[in-house]
Amino acid sequence: MITVEHLTKRYGDFTAVNNLSFEIEEGHVYGFLGPNGAGKSTTMNIMTGCLSATEGRVRIGGYDIFEEPDKAKRLMGYLPEQPPLYMNETPVEYLKFVGEAKGLKGRELAEQIEKVISQTKLEDVRNRLISKLSKGYRQRVGIAQALLGNPKVIILDEPTVGLDPLQIIEIRDLIGQLGQEHTVILSSHILSEVQAICEKVLIIAKGKLVAFDKPENLEKLLMASNTVSFIAEAKTDEIDEILKGMWVAADWQMKDMGNGSTCVEVQIEQGEASNLCRSIFFAFAKEGKALLELTSKKANLEDVFIELTESDIAERGLTESVLEVTEMEEKEIKEQKTVEKIIIKEEEYKMDGTEESGVEDK
Amino acid sequence: MIAVLKHELSNYFHSLTAYIFGAFLLAFVGIGAMIYNIQQAVANFEYVLSFVSLVFVVIIPILTMRVIAEERKQKTDQLLYSLPLTTTQVVIGKYLALLVIYLIPLCLVSVYPLIFAQYGEVYLLTSYGSIAAFFIMGAALISIGTFISSLTENQGFAAGIAIPVILLNYYSVSLAEHVSSTAFGSAIALCVLSGLLGVVIRFLTKNENVAYVVSIVLIAVVCITYFMDNAVFEGLLPKIMTKLSLFERFYTFVSGVFDMTAIVYYLTVIAFFLFLSVQSLEKRRYN
């Protein structure tokens, strides 16, 4: 459907997009992922004909965007980062203009407008001025605009930025629905979002494509580095003793937490993390040492993202904007981890009960 | 193109701009008609138009300032780029909308000579010839305003540039009498103009080499011609200033001559500045 070949965009000495090539097939939801300033918006702007490329070419449904822009653009609907809305118009007036510009006329135009209004749930605000609408509604007007003319490809640049959680869920649902009929490409720097709605992910860093795969496959990439961490009420040498007696644990680091407890991180070489957790649990229970926390850390898209983009940073030197983002992502990961910890603690608690009774039986 | 035209028109009539423009134009034509045709009982309506042409200095920039600048500011230019429209269609659609808005008060104005004709002898041919010329001159000024609006995303800035540009054009003939008419003075002035052109090119294309080359080549041409035959430069600057004036050519129509060369000149100016506006919009894709 879309072929991007050796796309390069330079602004003076700065290379925003560097030799980017990929192919997008019909009928999937694709996620464009990358830190701020990675070249996502630039790439999307070039794909939609808003920007020229320094080198390379883009074909939409067989039409070159630079040579046959008219035909190529008819196959696409685009929502830029900032929805391009005329504030002094109502959604209906605005959609009418966009529809006419896309070559729709008369009854077809009216039908299409009604269709996209109901698709994006704009019925309540159809005759209010856009300047009076909330950000979520404006975003929907922007999406409605992209849907007019029933394009095969819909390109959305950060469609959920600046929305409240409820609006984000609504927009995501809408994108999910669109994905059934159209090819949807959306960009985001929020990883969980891409993980939730996209069937395939393109990760871009510093204008280069660093990964292009299904989210599950990208996670598998990092499976090798799975770890289990736990906090035990024991001294470091006691823990060493216990872990040495276990065949699954390969390597571990320890940190004294004070107040008699120690934090341990164990790397898994083979097998499932849950197996290791179980054996750790029983081993410590046998020794009568309490486990205060037991967490298995699974690699997720966020780790892949950080790994891929950071290795890139290491190659090219750090930039502040990228750093900021990774810091943000790290925070997100921490939050997620605490959630996992709570869940495991609950499980632990349940297991504890059964375990105790089991020991008594013996 | 029709979509852009319709959209622009509805936009202008939703805002005050079109009404302010029309009201100002009609008010000044009214004042002129009152002074010349009613109080002084002159039978020539074209004098009113030549009196009103000064008002263009203010009302054309007011009309044109938002036409492209606002698109940039609201980032709606991205929508225009991504729609299946060419930049030429966008610019011409917008320009035609401006012409329609300009034509509406002019239609009312064109009734005036007929009214006056009820009360005496009026030279209708000269009157309507002048109204036609008045329309085309305004159209040329609107194309200049459109181009200036395409250079910036700030409406105020667009108006702030367009006013002095049109004012300079208005006074260029009177100024021409005061500038040096010696060969040396003209040559120096042309060199300065070449330098300024270079600055403008540098600003528009962000390409220093092109700007330097254009300036240096032009200055070299001026210098070489000056040393070869400096008689060419005798009185050249005032002549150029008079030739470039859009308003001066309009006065020919007022004196009762329907000057086809002036019409061609106006059309050329329109085409040139619309072309520049298209280029200015196209340029945004390349930087």
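1. Let's start with one residue: Asn150(A) is partly exposed, with 14 other C-beta atoms within 10 Å. For the scale behind that word: a residue is buried if 20 or more other C-beta atoms lie within 10 Å of its own, exposed if 12 or fewer, and partly exposed in between, with C-beta atoms placed from the backbone. Asn150(A) sits in the loop between helix 5 and strand 7 of chain A. Its phi is near 45 degrees, a positive value in a residue other than glycine. Most residues other than glycine have a negative phi.

2. Before going on, some housekeeping. You're looking at a predicted model, where local features need pLDDT of at least 70 and side-chain atom pairs count only at pLDDT 80 or more, while totals for chains, interfaces and linings use all residues. Residues are numbered from 1 along each chain as its sequence is written, and chains are lettered from A and ligands numbered from 1 in the order in which they are written.

3. His6(A) is another non-glycine residue to look at, with a positive phi of about 45 degrees. You'll find His6(A) in strand 1 (residues 2-11) of chain A. His6(A) is exposed, having 12 other C-beta atoms within 10 Å.

4. Now zoom out. Chain A has 12 helices and 14 strands; these are DSSP runs numbered from the N terminus, helices being H or I with at least four residues and strands E with at least two. Of the 362 residues in chain A, 38% are buried. Take the contacts in chain A with a separation of 6 or more: residues 24 or more positions apart account for 70% of them. Two residues are in contact if their C-beta atoms, placed from the backbone, lie within 7 Å.

5. Follow one open sheet of chain A with your finger: its 6 strands come in the order 6-7-8-3-9-10, and the pairing is mixed. Strands pair if DSSP finds at least two bridges between them. Strand 6 (76-79) and strand 10 (208-213) of chain A are at the edges with a single partner strand each, so one side of each has no neighbour in the sheet. On average, neighbouring strands here are turned by 15 degrees against each other, direction ignored. Inside the sheet, strand 7 (residues 153-157) and strand 8 (residues 183-188) of chain A pair in the parallel sense over 5 bridges, and Ile154(A) stands opposite Val184(A) in strand 8 of chain A.

6. Chain A also has an open sheet of 4 strands, ordered 2-1-4-5, with antiparallel pairing. Its edge strands, strand 2 (14-24) and strand 5 (63-64) of chain A, each pair on one side only. Strand 5 of chain A is joined to strand 4 (residues 55-60) of chain A by 2 bridges, and Ile60(A) stands opposite Tyr63(A).

7. What does helix 1 of chain A lie across? Strand 1, strand 2 and strand 4 of chain A, running at about 120 degrees to strand 1 of chain A. Axes are lines fitted to C-alpha atoms, for helices over the stretch in contact, and angles run from 0 to 180 degrees between N-to-C directions.

8. Next, a pair of helices. Helix 3 and helix 5 of chain A pack at an angle of about 25 degrees, their axes 9 Å apart. They are therefore roughly parallel to each other (angles under 35 degrees count as that). Pro91(A), Tyr94(A), Leu95(A) and Val98(A) in helix 3 meet Val141(A), Ala144(A) and Gln145(A) in helix 5 of chain A. The contact has 6 nonpolar, 1 polar and no charged residues. Here Ala, Val, Leu, Ile, Met, Phe, Trp, Tyr, Cys and Pro count as nonpolar, Asp, Glu, Lys and Arg as charged, and the others, Gly among them, as polar.

9. Strand 13 (residues 262-268) of chain A shows a neat alternation: Thr262(A), Val264(A), Val266(A) and Ile268(A) point to one face and are buried, while Cys263(A), Glu265(A) and Gln267(A) point to the other and are not. This strand 13 pairs with strand 11 (residues 227-232) of chain A in the antiparallel sense over 6 bridges.

10. Finally, the neighbour: 23 residues of chain A are in contact with 19 residues of chain B. On the side of chain A that touches chain B, the largest share, 5 residues, comes from helix 3 of chain A. The residues of that side divide into 11 nonpolar, 6 polar and 6 charged.

Definitions and conventions: Parallel < 35°, antiparallel > 145°, perpendicular 65-115°, else oblique.
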